[in-house]
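Reader: Got a minute to walk through this one with me? I'd like to poke at a few spots and see what turns up.

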Amino acid sequence: RRSPRSSSMSAQEPPRPPPAEPPEPDPGGRYEAVVPHWFYCKVTDSRERWVPFSAQDSERLEEAHGAGKDQEDVVVPTSGGRYDVHLKRRQRVAVYWEEEVSEVRRCTWFYKGDKDNKYIPYSESFSEELEEAYMIAVTLDEWKKKLESPSREVIILHNPKLMVHYHPVASSDDWVSTPTEQGRPRTVKRGVENIAVEIPSGEPLQIDHLVFVVHGIGPACDIRFRSIVQCVNDFRNVSLSMLQAHFRKAQEQQQVGRVEFLPVNWHSALHSTGVDVDLERITLPSINRLRHFINDTILDVFFYNSSTYCQTIVDTVASEMNRLHQLFMQRNPLFKGGVSIAGHSLGSLILFDLLTNQKAEPEEDEHSAQGSRTTSSNGGIEEVKEILKQMELSEYCDVFEKEKMDRQALFLCTENNLKEMGIPLGPRMKILHYISSKADTQVCFLHSLCSSHHISSLSHKDPFVNKPNLPLSQVSANYPQLNYKPTIFFAFGSPIGMFLTVRGVKRIDPNYSLPTCKGFFNIFHPFDPVAYRIEPMIVPELEFEPMLLPHHKGRKRMHLELKEGLTRMSVDLKNNLLGSLRVAWQSFTRAPVPALEAASTDAEAEAETGTEKQPDTKPEEPPAAVKEEAPLINVGRLNGGNRIDYVLQEKPIESFNEYLFALQGHLCYWESEDTVLLVLKEIYQTQGITLDQPLQGSQ
């Protein structure tokens with residue numbers, strides 16, 4: 001029979017080996033106060049577990065508590081500044097994203113739970129009672145102390161090493177059997193050092209760089225259906241371990257602190273527009289779970305190709321990144337580092353579209369906005385007059401001039417707009433046909449994508465270029481401006497190449513670079529079904545492999561080396577066999593000669609086959625030879641002249657069946673040490689900080 005608990009509490013973090021028991025106090029009783037540690041309650045799937053704060057966070061909270069600030073509404077930042085603890089209310093609140101408020105507790109006494117044998121902290125008030133009873137027992141050397149919790153659970157302090165929590169008494173009769181007969185006793189421990197719980201040391205206070213991470217389709221971001229916040233937490237934790245492993249020298253010299261990763265969520269904003277209700281009305285009742293999954297995830301791709309919802313998505317992503325940046329700078333006024341952005345799956349495409357529509361010099365644009373608007377307007381009106389002359393509609397030039405209609409405005413016109421301007425039906429149809437035909441033949445949506453100058457497929461003077469708001473396959477979208485210039489753009493498992501191709505972009509000009517971001521890395525797993533390459537769109541005439549990401553332990557995975565070794569061996573065997581056959585055939589067809597001459601000709605034949613073998617093996621040499629030459633390939637300015645496409649090494653088990661691990665391949669980036677290490681390497685390289693030891697195969 002399970003007993004009610006004194007408070008709502010649950011399990012702890014996974015245990016570590018329990019530390020040695022503290023020495024038993026002398027009978028004469030030297031009492032030492034217990035050292036408290038702060039915990040917070042995390043609820044997952046209606047299950048509670050108590051998680052310890054890091055050592056430095058707990059010390060900071062205890063310091064504020066000791067200063068008597070519990071009576072004030074003092075806020076203590078914890079977890080690297082991502083959570084605030086309101087000391088008086090005992091609440092832990094997320095700073096940068098929405099999350100349920102967690103209960104916070106100053107813990108000194110613990111008991112073992114029923115379900116998973118993890119230790120659970122008592123409430124602060126009851127812990128004080130236990131500590132007072134323990135102090136009296138130690139001081140007077142009087143044990144067998146019995147206490148009763150508010151929920152009538154009985155705790156007996158037998159001695160300093162044996163303290164037991166019993167189930168509540170079943171009867172109201174005082175003369176019942178002893179508590180030992182009321183059920184299985186639970187162990188009680190005093191002090192966090194006596195329970196099996198791992199306490200992290202904490203994160204470095206110095207933040208060197210800030211990275212915003214944008215998710216892809218759906219609310220779940222990995223195979224375990226976790227949110228973007230949880231996945232980015234994993235990414236951040238991996239980055240901390242990679243910093244300790246590969247930047248130890250820089251850390252010892254205090255050149256390196258850490259990189260902060262903050263999640264950007266746009267899915268909830270999109271699906272709070274009421275579109276889910278509209279979809280629900282038209283969704284068939286059969287295979288309900290599958291249809292709900294499609295509505296909640298895959299339809300995000302179609303939403304992004306809709307004028308209405310594309311605008312919602314880009315507005316949400318840009319405004320959220322600007323909000324997070326502003327809030328981060330308010331909380332970290334001494335931060336002098338750069339800002340980068342990363343996107344997974346569809347999130348990378350959203351970021352790419354945003355970056356291609358940024359203004360290179362926003363300050364100058366603001367100062368000269370009025371003048372440039374007037375100039376472009378005058379030039380645009382003249383272009384509209386030329387278009388009207390081509391359609392033999394010159395008599396309407398005055399109407400368009402009166403409405404200050406330039407070419408961009410003309411291509412945004414609808415039939416209702418033209419009707420309001422007083423354009424008759426016939427001319428109206430001509431104009432609408434012209435607009436639709438030109439929009440359909442548009443090949444490139446990126447300004448200066450097909451040339452080093454600002455052009456579009458319509459005309460070298462097309463004003464769409466300065467404000468490329470009409471990408472092919474999308475209706476007009478007004479792309480917001482970011483408040484900062486990103487240092488590097490990282491794309492994980494990205495379909496950017498496929499979307500550009502579908503939109504009609506056949507080639508990216510080698511001279512093109514993102515207006516405000518000079519770094520671009522396209523990182524993908526070899527079995528990722530959503531990922532596409534970028535480099536072949538820049539140099540379509542060459543065939544070359546993507547850069548192989550080195551393993552974070554400094555070498556290729558063993559199964560890849562074995563595969564390459566077997567390939568190389570088969571090539572050698574083939575060449576040796578061909579050489580042997582060639583020698584045998586020559587010996588059959590050649591006239592008999594003295595033995596010495598035969599020996600010399602055999603030697604010559606071997607020399608010939610040796611020289612012939614070299615050119616045969618080099619082209620067949622798998623990735624290693626290609627990788628050495630890869631940096632010499634000119635892939636344009638999109639990543640500052642450096643390589644763009646980087647492929648991860650598959651794990652041994654993944655190589656057995658590509659199809660089986662395809663989905664895992666698309667969702668593996670959050671916990672991939674190789675991905676994280678590349679991100680850190682490129683970020684710190686901008687600051688002149690390198691790895692302790694260059695990894696084999698890295699640039």
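Reader: Let's start with Ser672: does it count as buried or exposed?

Author: Ser672 comes out at 11% relative accessibility, so it counts as buried. The cut-offs are under 20% relative accessible area for buried, over 50% for exposed, and partly exposed in between, with a 1.4 Å probe and protein chains only. Bear in mind that this is a predicted model: local features need pLDDT of at least 70, side-chain atom pairs count only at pLDDT 80 or more, and totals for chains, interfaces and linings use all residues. Numbering runs from 1 along each chain as its sequence is written, and side-chain values use heavy atoms, leaving out hydrogens and water.

Reader: Fair enough. Where's Ser672 found, and what does it touch?

Author: It's in the loop between α22 and α23. Helices here are DSSP runs of H or I with at least four residues, strands are E runs of at least two, and both are numbered from the N terminus. Not counting residues up to four places away in sequence, Ser672 touches Val238 and Leu648, where contact means heavy atoms within 4.5 Å. Ser672 and Val238 are 434 residues apart in sequence, yet their C-alphas are 7.9 Å apart.

Reader: Which aromatic pair does Trp670 form?

Author: Trp670 pairs edge-to-face with Phe235, at 6.4 Å centre to centre and 80° between the planes. Rings of Phe, Tyr and Trp (its six-membered ring) pair if their centres lie within 6.5 Å; planes under 30 degrees apart are stacked, over 60 edge-to-face, and the rest tilted. Phe235 lies in helix α3 (residues 228–246) and Trp670 in the loop between α22 (662–666) and α23 (673–685), so the pair ties together parts 435 residues apart in sequence. Phe235 and Trp670 are both buried.

Reader: And what about Tyr669, which ring does that one pair with?

Author: Phe492, and that pair is stacked: 6.1 Å centre to centre, with 15° between the planes. Phe492 sits in strand β16 (residues 488–492) and Tyr669 in the loop between α22 and α23, so this pair ties together parts 177 residues apart in sequence. Phe492 and Tyr669 are both buried.

Reader: Which residues do the ring pairs link into a cluster there?

Author: Phe235, Phe261, Phe492, Tyr669 and Trp670. By the same rule, the count comes to 20 aromatic pairs.

Reader: While we're around α22, what does His666 touch?

Author: His666 lies in helix α22. Setting aside residues up to four places away in sequence, it touches His344, Ser345, Gly493, Asp528, Pro529 and Val530. At 9% relative accessibility, His666 counts as buried.

Reader: Switching topic: how many residues does α1 have, and how far does it reach?

Author: Helix α1 (residues 55–66) has 12 residues and reaches 16 Å from its first C-alpha to its last, close to the 16 Å expected at 1.5 Å a residue. The expected span is 1.5 Å times one less than the number of residues.

Reader: Which residues of α1 are buried, and what do they pack against?

Author: The buried ones are Asp57, Ser58, Leu61 and Ala64. They cover an arc of only 125° around the axis, which puts them on the same side of α1; the arc is taken from the directions from the helix axis to the C-beta atoms. They pack against β1 (37–44), β3 (75–78) and β4 (83–86). The face turned away from that buried side carries the exposed residues Glu59, Glu63 and Gly66.

Reader: OK, β3 then. Which of its side chains are buried?

Author: Val76 and Thr78, which point to one face, while Val75 and Pro77 point to the other and are not buried. β3 runs antiparallel to β4, joined by 4 bridges; two strands pair if DSSP finds at least two bridges between them. Thr78 has Tyr83 as its bridge partner in β4.

Reader: What sits over the ring of Tyr83?

Author: The charged end of Arg92, 3.5 Å from the ring centre. Arg92 also lies over the face of Tyr40, at 3.8 Å from that ring's centre. The rule asks for NZ of Lys or CZ of Arg within 6 Å of the ring centre and within 35 degrees of the ring normal.

Reader: Last one: how many helices and strands are there in the protein?

Author: 23 helices and 19 strands. Of its 699 residues, 47% count as buried.
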